[in-house]
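Biologist: Could you walk me through part of this model, slowly enough for a first-year student to follow?

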Amino acid sequence: MDPLGPWLHPIEFLVNTARDEPNALLINTYESWRVRFDYSYLDVWKRACSIAQGLKTLPDWNQVDPEVIGIYCEAEANWVFCSLAVWILGKKTLCFGLNLPPAARKALCERHSIKYILHHHTKPGRTEGAILIDAATFPVLSDAPAPSLESCVQLDEFVTYACTSGTTGVPKSFKYSHKAVTVVRAALGIAYIETGLCQLPSFVATLATFLATLSLKGSVWIPEPTPNTVDKAKSIIKMLDDGLKNIYLTPSFMKTVIGVALSVTSDARWEEAKKIGLGSELIPPSVLKMTRRAFPNAEIVSSYGSSETGILQAFCYTSLQPHDEVPEKLIYKLPHPQVRCLLFDEEGNAVDPGVSKSGILVFAVHKDHPVKNHFNFVTANTNDKIASFGFLDDGSPRVCTMDWVEMVSEKTFTVVGRFDQKIKVNGVYVDLNAIEELVYEHLGKQFKDCVFIQTSEKKVVMLYVRQKDAPLQQSSALVIQWVEDLLTVKNMSKFPIHNCFEVQEFPFNDSGKRDLKKLKHIAENVDQYSHAVEYPLVPRDDSIQSRIALKISQLGSEILDNPALDGRDYYIAGVGFDSLSVTRLALAIKDEIHVEISPMILFSNGMTPSDISHIALDIIHNKPFLPPTVDLAQEAAKLDDASVTADGLDPFIFREPRDVRGVVVTGATGFLGTFLKFNVANRFPNATIYCVIRADDEQHAHRRNFEKSSMFVIASRNNGNPWYDIEDRFVSICGDLSLDKWGLTDERWSDICEKSDVIIHCGAEVHWMFDYERLKGPNVLGTATALRLATTHHLKALHYISTIGTVPMAKNADEPLVEKIHSTWNIPGGYAQTKWVAEQLINKARSRGVPATIIRPAIIAGDSTFGVCNADDYLWRYVKTCIHIGIAPVHGSPITIAMDPVDRVAAIIAEIAGSEKALSKFVFHVSDPEHSVIGEKRLFDMVNAYGWPILFESREQFRNLLSAEPLLKTSVVFPLMHLMMSMAIKIDNTNTKSIYPAAPPPVELIVGKCLLNLHRCHYFPEPKHPAVELEDEYPEVSIFTRTGRTA
């Protein structure tokens, strides 16, 4: 006879205790902002009955008559209420994992005909075919029936469908009998026990723990549901401090809880705890010793089992009493009399116990056991000898655990580790779990945690979390050397560690275990993850905003198939989204978060999951939110003017440069324009150069035109130089690109329409943080006006100066960016978006016979003689900020930067404008992939060499250091760093070389001249160790800033 009494259905246990001891505590929850709420057995009965009654009143409940009700809950009181309500109705529950994608939820609903999903604290995303019901909408009945089985429908032995984690797709699911929990009750064994529920209900151990506690008239204590690991650990610590007696955790999370407690109190311990459960992972001796120190008077019950082995009720345990020594190896015992232990080798063949005591653990039952008819056995792959479910040669149902064990007796064993953690090196097996434990034991002052992963290429990668007080930066070679030296000292089999990588924290899955799938992905894609850590982690707390941001980060990482981004606050426009995938993200946000956000908003400059979460909350709370919701393709189609065409005009006749009568130049006072207008004047020696300039009047326009030239085109100060002594050929026109006809009078407009033959449209408003709408006037409508000018009176060639930023960034694009028009619009930032739309307008006009070219420069650096720079360019602002703080995020940086001197860019544009052949080639990239590229690290090497000392850090360490400084948290260096990353592209310039084949000067020479110029004009501070003395005859220069960037 069971000393704990007969095993009953969970509803029977609830009814009996609620009737006989109505005030006995069943739920003690900390889920509402760390404030405790208690629910007695009678309270829970009333709430469960109220939900059950509410379900029965649903309009189509009787017609649907569902067998299974879905539940989408964290570990929260409402999960208990909902589960019991469903069982009262004689139905089964199915608890969805919170991170399941919509397709997996849909598949489970279809598999089990689920029509209703109950939720409360966290709302699931749209699940096709299911109705979402907040259980809190059912009021507690004032006249709830007294606890009695008469209020219940016929009770079902199979209370739920347990699910696997779904890490490989749609989770497997199988009926779960409440009777499987009898062994768990035996392990707890204390009446009125207080048990912590710390894992999500989708994890079968949570259900088993609850049912066992319910059978013992005990209470379940529920911590704050939060995605922040540390906050959850603190909530569990609070429960322990308040007297919690029993808790079950994975070893990984137990280590976290104790670690957090020790960071506050050096001798943290809980002497009142009576039962501590560990399981679901391999239990390292170090965690066992740590647990014993923290819980000196508790029995430590270590369990072994899984969802799969639970079908056979094959749960194994070992127990350590308070006075027991902590063993080096745990010996588990299988108590179920009808289940036996077997061993398989790597090929799935049975191991003779007389020959070997080690192998892969397999549980089996008699061939006539009714479990053979279970769905998972009926559908088992009989060709896979080590599949989870299968049959022995005699027909006995068996479950293969894939754990390597050593048998001690017929029903006792020790776990060595996962089969895939034993690797063969030079004919010898090496246990990676043992190496991990060794490193933790002897190098614990350096590493808070570590794991060794063998990749699909049979390479071993070490991932580690650095201790908080360990040195900030250790090279991979040094870390690997430490481990190899330790193996030598310990006389362990040496094996090659091919790489190592520091992570900020190890990820946990829904069940509180290390997320081995994600860790494996990190190891397989270290380079990808090193790029991802350039983005900070999304702040994790229990706020709605944090949860939304984390969900968006997860959705984006899934759409891009890049788990490295999960949990990161990345720039959506900078990680590989295109117009199709960003639309998928918008739809996923609509499905999962129930708000509609335009893809254009997602593509706005610098938009991150945290930014989107703010917008989503505004929409949820009905706050006014009116961002630009512009589809760039639709915008281009709307703004296209069909009257801009060659139809009705004389055929275009290309004029040789010497025969061109007039050239219209916009942007003549901008940085590029100050150089460009002289190249244009000399390329077209007989033409009048009409410069459209923002000014009060034409006299002011003329003065601005040549004051800018004198300031920045230093060679133009030499009055005897015929290249520059051409002021009389310029006509400065007062205009505004954002206005109709650029704000010109009808007379002036007609004059330039008649007398000009070439248009070089260089004018634009440049600002990296402005949105599309703010820049649309000068940049898009101004270009539309240029097209009208090109088709008024007679056809004129239009040469449009765009930017390399208009080329959409395709995911995993390693090929050079081709010189062509791109129809996709995944363009980050308002400036580049306006340029993309303008390009589309020009392309459409060209299809109607308008002669045109599109010229795309990359970064425009200082001139090749004096290094005169546009100091407001994001590149130099980025460098200046790094000089100011003394740190640059370039350690291990793979980023390269394409830049060309402004005088070379101007010369190329003028050459293209004077070439008939250029009109047929159409698109040009003005940068040389062989000679114009410098590595980001090399750039800062030069900054160091020129006397500004800068430390090199990784992007992750850089962000952490800056985030710790209140004055730097809002520094522009973060968006500037992103802009640098987005410009790290490969460029094809085949068309440009066909027109202008001359090679550029060495890029390092240009960078050096720019650094000297920026020091000379006091943009940079004084170098501490100047490497170059400036010569006295170096000309006086001024800072060029964005005051001169608009025509």
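Modeller: What follows is a short talk about two sheets and the helices beside them. This is a predicted model, in which local features need pLDDT of at least 70 and side-chain atom pairs count only at pLDDT 80 or more, while totals for chains, interfaces and linings use all residues. Residues are numbered from 1 along each chain as its sequence is written, and side-chain values use heavy atoms, with hydrogens and water left out.

Biologist: OK, in what order do the strands of the open parallel sheet come?

Modeller: The order is S28-S27-S26-S29-S30-S31-S35, seven strands in parallel pairing. Strands here are DSSP runs of E with at least two residues, and helices are runs of H or I with at least four, numbered from the N terminus; two strands pair if DSSP finds at least two bridges between them.

Biologist: And why do S28 and S35 each have one side without a neighbour in the sheet?

Modeller: Strand S28 (730-734) and strand S35 (923-926) stand at the edges with a single partner strand each, so one side of each has no neighbour in the sheet. From one strand to the next, the twist averages 20°, where axes are lines fitted to C-alpha atoms, for helices over the stretch in contact, and angles run from 0 to 180 degrees between N-to-C directions.

Biologist: How many bridges join S31 and S35?

Modeller: Strand S31 (residues 852-857) pairs with S35 in the parallel sense over four bridges, and Ile854 has Val923 in S35 as its bridge partner.

Biologist: Switching to helices, at what angle do H22 and H28 pack?

Modeller: Helix H22 (residues 671-683) and helix H28 (residues 902-913) pack at about 45°, with their axes 8 Å apart. They are therefore oblique to each other, the word for whatever is left once angles under 35 degrees count as roughly parallel, over 145 as roughly antiparallel and 65 to 115 as roughly perpendicular.

Biologist: Which residues of H22 meet H28?

Modeller: Among them are Phe671, Leu672 and Phe675 in H22, while the H28 side includes Val902 and Ile909; contact means heavy atoms within 4.5 Å.

Biologist: What about the sheet with mixed pairing, which strands form it?

Modeller: Three strands form that open sheet, in the order S32-S34-S36. Strand S34 (residues 896-901) and S36 run antiparallel and are joined by three bridges, and the bridge partner of Ile897 in S36 is Ile934. Helix H30 (residues 936-945) packs on this sheet, touching S34 and S36, and its direction makes about 75° with that of S36.
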